[in-house]
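Colleague: Please take a close look at the aromatic rings in this model. I would like to know how they pair and where they sit.

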There are 2 protein chains.
Amino acid sequence: MENPVKIEPMAFEDEAVLHAKWPSIDEVRASNPIKGVAAKSEGGDRVLEVEWASGERQVYPCMWLRDHCRCTICFHAEHQTRLTDFMELDLNIDIKTVTVNDVDQTIAITWTDDHQSLYYANWLLCNRFDQTEADPIRSIEPAYWDASTLENDHMRTFKYSDVIDSDHVLYDMQMQLKRVGLVLIQGTPAEKGHMMKLSDRIGYICGTSYGTTSQIYGSSDWAFGHPSYGLEYRPLHSDYSFIDDSHGVFAMHCISQIDGKGGEYFFVDGYKAAQDLQKTNPEAFQRLTKPCWEGRVKAWVVNDKHYHHSVSAPIKLNEAGEVTKLTLCDFWRTSVMRLPVGEVCDTYRALRALKDLLYRKDHTFCHNLQPGDMMLIHNHRLLHGRKDYHDTKPSTVHLETGYFKWDSFDTRMRKVKMNLDKKEKSNNSTASKVNGHQSNGIQR
Amino acid sequence: MENPVKIEPMAFEDEAVLHAKWPSIDEVRASNPIKGVAAKSEGGDRVLEVEWASGERQVYPCMWLRDHCRCTICFHAEHQTRLTDFMELDLNIDIKTVTVNDVDQTIAITWTDDHQSLYYANWLLCNRFDQTEADPIRSIEPAYWDASTLENDHMRTFKYSDVIDSDHVLYDMQMQLKRVGLVLIQGTPAEKGHMMKLSDRIGYICGTSYGTTSQIYGSSDWAFGHPSYGLEYRPLHSDYSFIDDSHGVFAMHCISQIDGKGGEYFFVDGYKAAQDLQKTNPEAFQRLTKPCWEGRVKAWVVNDKHYHHSVSAPIKLNEAGEVTKLTLCDFWRTSVMRLPVGEVCDTYRALRALKDLLYRKDHTFCHNLQPGDMMLIHNHRLLHGRKDYHDTKPSTVHLETGYFKWDSFDTRMRKVKMNLDKKEKSNNSTASKVNGHQSNGIQR
């Protein structure tokens, strides 16, 4: 024997967060234990077939099992790292002996190279290839909204101190942003620096040519400013449309506001508008799923070091044909359209058709940003605009903004879920002990 | 008349950098002036047809021309921003009158709403829809390499102080990274902080869960460290394989090195290996263009706030079927494979086939990183690994690393090109004046 099988408990347990359900070994033993195993051939490859008490069967290829051996030689549990080299993996590996331990609910395998591996039933139940349950974070479904459903059902307001102090509130807020695409946080101190504090909660911030965070000022006496800085009307747009790889989460914190009228932000659910377009005008929808106009920004306001240029379809689909990103921004839209000229006019009409849906009054939600407000916006889904200010008295608007990748946001959310799940599990086991004692107490 | 046509010179000129060639008005007048224009209908839409002296004709739809009016009412030249609202654009706009100015090489249009616009011939020549020339930055072709062609033809070394001080050297280096995917900079002071100084030259840095830049240490007395920190052998991999949206440019600066043997980095051109696989084993290639294994990282080493999780195809193609990104990292590869179980073994064999090509000795380039060396690596194209250290004396390796998005890198490169082009143009015009004076001098 090459190795005695040593496995550290966290070798498997730390993967629980990748799965919608992660039964404990006790639960598996009680409800659906391993009934039997058989080494066999399938499609010319050696596999292990596992049968569960429920009658379900699952085939596990030997090379996959060997690749995922979690013994301390093959896997570093604390780092969650494979220690073996893929080039050393024997793709013809076969099972010499296999035994089931009914008490531990484990399967022990000795391989043809005499290496030994041990697999836990709950991990095997969760790793079932295309039968694997959906990822708990990725499978969060967006809830489409219009103005009235947002106001009546979906809109949620959070208290800044709760977001900072409570993981429960934080997770709730993260879920809200994933589902609805818009979050309002109130009671943020009206001073710089809270974007970085938020970042510490929701995920690492992503720099742009404007810096790590941006200070956006507008003064009531500016006649015309830069699109980021002026007080004029801003049509509906997504931010950073001028980079290919635009940021998915946009956060803005209002530190001071103009003394005057107007300046309300308005928001619309771009996924819903795109879906409506697909139903009512599929030809326009199709046109907008290809790159049409290119985008650019000469970022000279901050420094004169960058000239952004992007090629994005207004509506981006994933491989399943679902809308994943809208990229729309008229003020940065260039003249470059790499299309046959005969398609140009239809493309303009397609964009107009989409915008007609986006600008419907019953689709847009307005909010007048007050000092202390922080808004989180799904920048690949929502479009936002701002009405012009008018009747202003001498004053200044100051926003601190920050951008986050969905990668960064999701990675943080997964960790928060992991911590909450662990806490709940430990509370439950404490509670069941407490309940146990109590019932003992009653029996006495 | 609603407006006298006012156009600021930079309204058009600032777009020159988006085009491979941008003739001056003088050049157009001399070589290929406007021969005639005609307002007409095409496919039911109103267009302007322009004929050039060369006999070439180009049709410009009226709505496109009106949308790109560069008068001071419609366009802010300094910000390069459209001031009009797309919702106000009349898609049925037509030409009332059109005149050509042969001296200025401009076309003046009065529209049916009495708005007036002016278009320059060079801008029109550059904006020809699918006849538009390729973008000068995006069209840079990768030069595929193996160990010998890299060493003999492609590998370039730059001096740190030149990269910092000279835009010519900087652009040369940027071009090298785009073409070859690997750059060695020597003579960087062996101290922290030069990653941010480099960032000031090549583009804004992108934070990760490891921070804005990362300090990577390894000590000769560590038995096993984290994959980022240990001294063990590291198989070929790309960095940040555990996020969906991995960073395209990876930079590392060697501040101190282990006193001992081994520890060489090795690099391979993943695009070439993928191309070779496509030729020799198209079925394996196809399999790897779909998501296979999911990736993850529990980023506890830095802080315990993130749990990364990614779903990427090992080989990512663009819409044209070209390889744009390789995502390979065995130590972070998870057991989650959302495939029919019958495809699992073929997927393992496909990965092995790709790796056999990647690990060919005549494909890999080695470099022993010395204090003062900085390497820039195309992280979507190259795979890198590191041999193990051995026979070490008490010592520490210290690398400072940073990550950049291609968006950020390209945007900076475009600006550097823009500055160099302008400088060259102004040098040429000075030179021609100087030459003019000289020839006058000779005549006298």
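**Aromatic rings in the predicted model**

Modeller: Start with Tyr348(B), which counts as buried at 0% relative accessibility. The cut-off for buried is under 20% relative accessible area. Keep in mind that the model is predicted.

The ring of Tyr348(B) pairs with that of Trp293(B). Their centres are 5.1 Å apart and their planes stand at 85°, so the pair is edge-to-face. That label applies because the angle is over 60 degrees. The partner, Trp293(B), is also buried, with a relative accessible area of 8%. Along the chain the two are 55 residues apart. Trp293(B) lies in strand S16 (residues 293-298) of chain B, and Tyr348(B) in helix H11 (residues 344-358) of chain B. The pair thus links distant parts of the chain.

A pair of aromatic rings is described by the distance of the centres and the angle of the planes. Over all chains, the structure holds 34 aromatic pairs. One of them joins Tyr60(B) and Phe129(B). This pair is tilted, with 6.0 Å centre to centre and 55° between the planes. Here too, distant parts of the chain are linked, 69 residues apart. Tyr60(B) belongs to strand S3 (residues 57-61) of chain B. Phe129(B) sits in the loop between helix H4 (121-126) and helix H5 (147-154) of chain B. Tyr60(B) is buried, with a relative accessible area of 0%. Phe129(B) counts as buried at 2% relative accessibility.

Chain A offers a cluster. Ring pairs link Tyr240(A), Phe242(A), Phe250(A), Phe331(A), Trp332(A) and Tyr403(A).

Charges also meet rings. Arg70(A) lies over the face of Phe75(A), 4.3 Å from the ring centre. A second case joins the two chains: the charged end of Arg352(B) sits over the ring of Phe86(A), 5.0 Å from its centre.

That brings in the arrangement of the copies. Chain A can be laid on chain B by a turn of 180° and a shift of 0.0 Å along the axis, with an RMSD of 0.0 Å. The two copies are thus related as by a two-fold rotation axis. Of the residues of chain A, Cys206(A) comes closest to that axis, with its C-alpha at 2.8 Å. As for the interface, 100% of the interface residues of chain A are also interface residues in chain B, so the copies meet through the same surface.

Key:
Residues numbered from 1 in each chain as written. Chains lettered and ligands numbered in written order. Predicted model: local features only at pLDDT ≥ 70, side-chain atom pairs only at ≥ 80, totals over all residues. Heavy atoms only, no water. Least-squares fit on C-alpha atoms with pLDDT ≥ 70 in both. Contact = heavy atoms within 4.5 Å. Phe/Tyr/Trp six-rings, centres within 6.5 Å; stacked < 30°, edge-to-face > 60°. Helix = DSSP H or I, 4+ residues; strand = E, 2+ residues; numbered from the N terminus. Buried < 20%, exposed > 50% of the residue type's maximum accessible area, 1.4 Å probe, protein only. Lys NZ or Arg CZ within 6 Å of the ring centre and 35° of its normal.
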